[in-house]
Amino acid sequence: MENRLALVIAVDGLRASAWGAYGNTAFPTPLFDELASRALVVEWLLAKSPALADFYRDACPQLKSPTRRWLITDDPTIAEQAGNFDEVMHVERMANQSAEQSEESHATRFFARVVEQFAAWQKDAAEQQANSLLWVHFSGLCGTWDAPLELRAHMMDEEDPLPPEFVDPPTNLQGIDDPDELLQYLVAYAAQVSVLELCVAGAIEAFEELAGSEKLAMILGSRGFSLGEHGCVGSDCCTLYSEQLHLPCLIITQESLAPLPRVIGFAQPEDIAATLRDWFRTSSSEGMSLLPALGGMPLTLRDLATASNKGQQMVRSPAWMLIRGEHSELYAKPDDRWEANDIASRCPEIVTLLSDSTTAEQALPDELVSPWR
């Protein structure tokens, strides 16, 4: 039996709404969208908090020998957060100014190192006669923003302000309401995504060309990024809105049936770990594997997802999203995509129902499931 390989590309700060496949119309993402067209698209992967450590606590599986685990990252803190690996490679972040060409960017250099490791990784797995996981954590949108300034300028109109030249991304800018300033952050983020999709698409192509192994690839975000939707810009805004919690997730195998239906219901990070354990034929009672959907089998995930952070809690059902903290906020879904209209005062009965719904195992009343109002 051939050994099995799994490649996970986790990009920090990559929010679902950055892709056309998830409804983005602000800037094009043709390569990500092409990958989505032949992948299993998880419509709603919701983080359980905006903290990177929490994502890795749940999403990165503990795999028993003889399955081997490799890690490549440009973030020195990730090896500790992601658990023990058999092989760890750290790629230094060297950029301190914008690249002249996309090929000179940190993202391009990083993914070139990743692709260089594919042959050694596959050879190691074959020699050990073992399955193997290569987890790639890229600092991405929470790392260096060194995409060529030309890319930023290309996304702006003549009457817009000059594109920004900063390389260090914002982390937690509060009270930003100037449209011109918000536009600058948006186009800088978009330019990074444009470089990123070239790199990721190239890495997936190289992975698929490896011979002699059964292969699975995942592309996902590890946390979101706020671009001013709720008065904050950056990776550390620590809010519980969709820009922080809704993550993209694609799963690709050679055996997948295309076109694949999108997964119904809410996935959470523990389901990523469950899917990888299932791929490596390791049993566990934690999480829900997404693997059956790759074979065309119907798969319905949970109707309720929760998240929490610093005394706040988010409860999401198919028809509503509740955020509880000092006061309650309620948003109608899927209509209110960006949580712009708080209607908690108009629907106190829904607030009560969601407040009482805290586990995915319980059946939800129709009022929380049906989007018809």
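**Close-up views of a predicted model**

**View A. Glu-34 and Arg-38 join their side chains in a salt bridge, at 3.4 Å from N to O.** Like every view here, this one comes from a predicted model. Glu-34 is partly exposed, and its relative accessible area is 40%. Arg-38 is partly exposed as well, with a value of 26%. In general, side chains of opposite charge can pair when their charged atoms come close. By the rule used here, the count for the model comes to 14 salt bridges, and two further pairs and a network get their own views below.

**View B. Helix 1 has Phe-32, Leu-35 and Ala-36 as its buried residues.** The helix itself covers residues 30-37. Looking down the axis of helix 1, we find its buried residues within an arc of 100 degrees, so they line one face of the helix. A general point helps here: an α-helix has 3.6 residues a turn, so residues three or four places apart point the same way. What do the buried residues of helix 1 pack against? Their partners are strand 2 (40-46), helix 6 (179-208), strand 7 (214-223) and strand 11 (249-253).

**View C. Arg-262 and Glu-43 form a salt bridge between their side chains, with 2.8 Å from N to O.** Arg-262 sits in the loop between strand 11 and strand 12 (263-267), while Glu-43 belongs to strand 2, so this pair ties together parts that are 219 residues apart in sequence. Strand 2 may be familiar from View B, where the buried residues of helix 1 pack against it. How accessible is each partner? Arg-262 is partly exposed, at 35% relative accessible area. Glu-43 counts as partly exposed too, at 22%.

**View D. Arg-68 and Asp-124 meet through their side chains in a salt bridge of 2.5 Å, N to O.** Arg-68 comes from strand 3 (residues 68-73) and Asp-124 from helix 4 (residues 106-128), so the pair ties together parts that are 56 residues apart in sequence. Are these two residues buried or exposed? With a relative accessible area of 16%, Arg-68 is buried. Asp-124 is buried too, at 13%. The cut-off behind that word is a relative accessible area under 20%.

**View E. A network of salt bridges links Asp-12, Arg-223 and Asp-236.** Of these residues, Arg-223 can be found in strand 7, which runs over 214-223. Strand 7 is also one of the elements that the buried residues of helix 1 pack against.

**View F. Helix 2 and helix 8 cross at roughly 35 degrees, their axes coming within 7 Å.** Helix 2 spans residues 52-59 and helix 8 spans residues 269-279. The crossing is right-handed. Which residues make the contact? Helix 2 supplies Phe-55, Asp-58 and Ala-59, and helix 8 supplies Pro-269, Glu-270, Ile-272 and Ala-273.

**View G. Gln-97 is an exposed residue, with a relative accessible area of 57%.** Look for Gln-97 in the loop between strand 4 (87-90) and helix 4. Leaving aside residues up to four places away in sequence, Gln-97 touches Asp-146 and Val-167. How far is Gln-97 from Arg-281? Their C-alpha atoms are separated by 45 Å, and the two residues are 184 residues apart along the chain.

**View H. Three strands make an open sheet in the order 6-9-8, with antiparallel pairing.** Strand 6 (173-174) and strand 8 (226-227) are the edge strands, each pairing on one side only. Strand 8 pairs with strand 9 (residues 232-234) in the antiparallel sense over 2 bridges. Within strand 9, Val-233 is the bridge partner of Leu-227. As a general reminder, strands of a sheet pair through backbone hydrogen bonds, either parallel or antiparallel.

**View I. An open sheet of 4 strands follows the order 13-14-15-16, again with antiparallel pairing.** Its edges are strand 13 (305-309) and strand 16 (328-332), each of which pairs on one side only. On average, and with direction ignored, neighbouring strands of this sheet are turned by 10 degrees against each other. Strand 13 and strand 14 (residues 312-316) are joined in the antiparallel sense over 5 bridges, and Thr-306 stands opposite Val-315 of strand 14. Helix 10 (residues 348-355) packs on the sheet, where it touches strand 14, strand 15 (320-324) and strand 16. The direction of helix 10 makes about 75 degrees with that of strand 15.

How values were computed: Residues numbered from 1 in each chain as written. Predicted model: local features only at pLDDT ≥ 70, side-chain atom pairs only at ≥ 80, totals over all residues. Heavy atoms only, no water. Buried < 20%, exposed > 50% of the residue type's maximum accessible area, 1.4 Å probe, protein only. Arc of directions from axis to C-beta. Contact = heavy atoms within 4.5 Å. Pairing = 2+ DSSP bridges. Salt bridge = Lys/Arg side-chain N within 4 Å of Asp/Glu carboxyl O. Axes fitted to C-alpha atoms, helices over the stretch in contact; angles between N-to-C directions. Left-handed = near helix turned anticlockwise from the far one by under 90°.
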